[in-house]
Amino acid sequence: MVSSSVGFKKKRLIVALAAVGGMALSSSAWALPSFARQTGWSCAACHTSYPQLTPMGRMFKLLGFTTTNLQRQQKLQAKFGNSVGLLISRVSQFSIFLQASATNVGGGQTVFGPGGSNAGASPNNNVQFPQQVSLFYAGEITPHIGSFLHLTYSGGGSGTGGGGFSFDDSSIVWTHPWKLGTNNLLVTGVDVNNTPTAMDLWNTTPDWQAPFFSSDYSSWGHVPQPFIESSAGAGYPLAGVGIYGADIFGPNRANWLYADADVYTNGQGTQVNPVGGFTASGPQGRLSGGAPYVRLAYQHDWGDWNWEVGTFGMWSSVYDHTINNTLNKAGGPIDTFDDYDLDTQLQWLDTNDNNNVTIRAAWVNEQQQFGAGNIISPSSSSGNLNFFNVNATYWYHDHYGIQGGYRNVWGSANPGLYGTTYTNSGSPDTSNEWIEASYLPWWNTRFSLRYVVYNKFNGVGSASSNYLKYGASAYNTLELLAWISY
Amino acid sequence: MTTYLNQDRLRNKENDTMTHPHGKMYKSKTFLLFSTLLLVAGQASAAVASADAPAPYRVSSDCMVCHGMTGRDTLYPIVPRLAGQHKSYLEAQLKAYKDHSRADQNGEIYMWPVAQALDSAKITALADYFNAQKPPMQSSGIKHAGVKEGKAIFNQGVTNEQIPACMECHGSDGQGAGPFPRLAGQRYGYIIQQLTYFHNGTRVNTLMNQIAKNITVAQMKDVAAYLSSL
């Protein structure tokens with residue numbers, strides 16, 4: 001996921017429609033070969049298929065990626081007298097991901113308007129090679145401390161100004177297990193990370209949700225998203241510190257109670273958050289004060305099943321630059337984006353036969369307030385944006401997969417925030433269904449074919465409702481995706 | 001934190017970074033900050049692990065991912081409970097994983113990587129630790145159908161199918177002895193899985209391969225229902 005960049009379209013308002021594509025679909029995370037090298041366990045121990053976690057993967061993550069099955073001679077000791085001060089792995093913790101894509105949009109790239117974010121694209125059938133190359137250094141740093149460092153080179157798509165390195169969703173964590181009783185285990189962690197929900201254990205949260213990655217040329221990149229959905233990795237570089245705890249209690253680990261609290265500030269100075277789809281007049285400044293994030297989740301395990309239900313909130317105040325026109329550092333109106341989530345995930349695992357099903361649903365409700373004097377929303381000082389994402393995946397013998405789902409974005413129309421490329425009202429309303437078939441010739445190589453059908457796109461249903469005269473079906477997207485990790 | 005300084009695993013020279021708290025680390029502001037944060041996060045520290053024997057570091061870093069800290073609460077039905085298991089059985093199995101003589105599918109996937117990193121001293125330490133834990137009698141709470149039938153098979157065998165009584169080796173209460181594993185309170189899914197491996201020969205054990213030769217899936221389930229109910 002990542003950094004892409006912004007392209008501009010000039011109308012009365014200078015509207016910068018984003019190549020949110022990469023950013024908003026913050027699917028970053030994945031099964032790391034370096035974790036396999038460190039533990040000796042196959043990808044399938046911790047993932048149904050990356051990045052979807054199994055309960056074993058959740059335990060590994062809770063413990064801060066520190067579990068190892070390395071032999072003594074595979075570690076380097078730094079000693080002070082007789083005490084070991086540092087124990088570093090000699091085994092490589094380097095991993096690489098390469099993603100490539102070919103994208104066809106029903107009506108071609110012109111459906112995003114002249115001067116749209118992919119202005120330099122060929123009319124249709126765009127290839128990205130690479131779409132993204134991710135470099136990871138991940139695993140145990142030393143007992144109790146682990147890292148997941150993720151650096152991404154993003155293709156970004158033509159005309160998007162992309163093509164650069166960025167710091168993607170990453171964390172460094174210090175964890176500890178505490179035995180509270182015979183059937184009660186507490187795992188605590190202290191961490192630094194750069195992405196809200198990066199530390200999360202379930203694939204319902206913005207950083208880890210399905211569909212797991214998407215081309216920069218796809219229509220989805222032009223759909224407004226709540227603040228937290230747009231804040232992954234380099235989408236809006238953040239720096240956060242957090243603590244988490246998971247209490248696992250009851251016979252057979254029947255109950256997992258997970259709590260995570262973080263506070264974020266800007267990681268790299270003044271930023272543009274693509275909230276609502278990039279407008280030059282949008283919230284482009286720094287965060288005003290820290291942005292707290294709180295997460296609570298409960299998982300119940302029984303037999304081959306586990307079920308999670310959770311909620312989170314994130315409260316972000318961003319300087320609006322409408323008064324101070326130099327990308328606000330302070331002063332000027334403050335816009336607030338309060339994001340609230342409800343999510344659930346049901347998983348069935350046949351661990352002997354490598355068949356599994358995961359069903360996920362998440363709803364994020366964003367309450368927006370625009371500070372006095374801003375030009376985003378001159379007629380109203382508040383608004384809301386909702387994102388509902390439900391999907392399911394079935395994997396058969398780790399080689400064949402089918403997944404699909406439904407996504408719906410709806411909320412207050414706001415021409416200042418979402419632009420008027422498609423409708424004068426600036427409606428964010430979008431809904432689609434998607435289906436994806438995948439084949440993994442080897443466990444680290446995946447080919448997927450995805451088709452996304454739009455019922456509505458940025459408020460557009462029929463062609464007559466679109467300023468550009470394209471109906472919603474013109475935004476249907478066919479993507480061929482390839483993903484290899486080693 | 002101090003609770004832990006007396007624990008074996010923190011004295012373990014090979015495996016822990018926190019063995020010398022009086023060195024440079026405590027002088028670091030960062031370390032103090034993190035200590036404070038962790039204390040906030042882990043008020044529980046005082047209550048920790050005082051009753052039971054200290055866990056070898058491998059348990060908290062590795063074994064516990066699937067078997068739990070005490071070997072009672074395992075991650076999946078196919079993961080065995082280790083609490084109270086006999087030392088000689090545990091040692092024999094870890095060695096069999098290490099030399100690959102136990103080669104059933106799940107053993108190979110999950111346990112070969114673990115065992116290859118263990119030397120004989122660690123194997124003994126782990127076997128001692130799990131052996132010392134309180135056995136998981138009646139801890140599952142889940143009742144599966146077939147307890148009565150399973151009890152009959154366990155105690156009397158099935159004469160006309162040449163299935164001997166399990167209790168002859170595993171004890172009248174499934175408590176096991178020495179190399180014969182404790183089965184009482186074992187997980188339902190694990191027992192069925194292992195009987196399947198013995199039945200089809202993927203887990204090699206001359207005695208059990210012969211015993212499980214004629215057992216049906218229904219009989220496996222009955223026996224598993226009985227044993228997991230103990």
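In strand 11 of chain A, the residue standing opposite A:N193 is A:G240. This comes from a predicted model, and the pair belongs to an antiparallel match between strand 10 of chain A and strand 11 (residues 238–249) of chain A, which runs over ten bridges. Strand 10 of chain A also has a partner in strand 9 (residues 171–181) of chain A, again antiparallel and again over ten bridges. Here A:V173 has A:D191 of strand 10 of chain A as its bridge partner. Getting from strand 9 of chain A to strand 10 of chain A takes just two residues, in a hairpin.

So much for pairing; what about burial? Strand 10 (residues 184–193) of chain A is mostly covered, with eight of its ten residues buried. As a general point, side chains in a regular strand alternate between the two faces of the sheet.

Over in chain B, the focus shifts to a helix pair. Packed helices are described by the angle and the distance between their axes. For helix 8 (residues 147–156) of chain B and helix 12 (residues 217–229) of chain B, the axes come within 7 Å and cross at roughly 95 degrees. Angles of 65 to 115 degrees count as roughly perpendicular, so helix 8 of chain B is roughly perpendicular to helix 12 of chain B. On the helix 8 side of chain B, the contact is made by B:V147, B:E149, B:G150, B:K151, B:I153 and B:F154. Helix 12 of chain B brings B:Q219, B:D222, B:V223, B:A224, B:A225, B:Y226 and B:S229. By type, the residues of this contact between helix 8 and helix 12 of chain B split into seven nonpolar, three polar and three charged.

Methods. Residues numbered from 1 in each chain as written. Chains lettered and ligands numbered in written order. Predicted model: local features only at pLDDT ≥ 70, side-chain atom pairs only at ≥ 80, totals over all residues. Axes fitted to C-alpha atoms, helices over the stretch in contact; angles between N-to-C directions. Helix = DSSP H or I, 4+ residues; strand = E, 2+ residues; numbered from the N terminus. Parallel < 35°, antiparallel > 145°, perpendicular 65-115°, else oblique. Contact = placed C-beta atoms within 7 Å. Nonpolar A, V, L, I, M, F, W, Y, C, P; charged D, E, K, R; others polar. Buried ≥ 20, exposed ≤ 12 C-beta atoms within 10 Å, placed from the backbone. Pairing = 2+ DSSP bridges.
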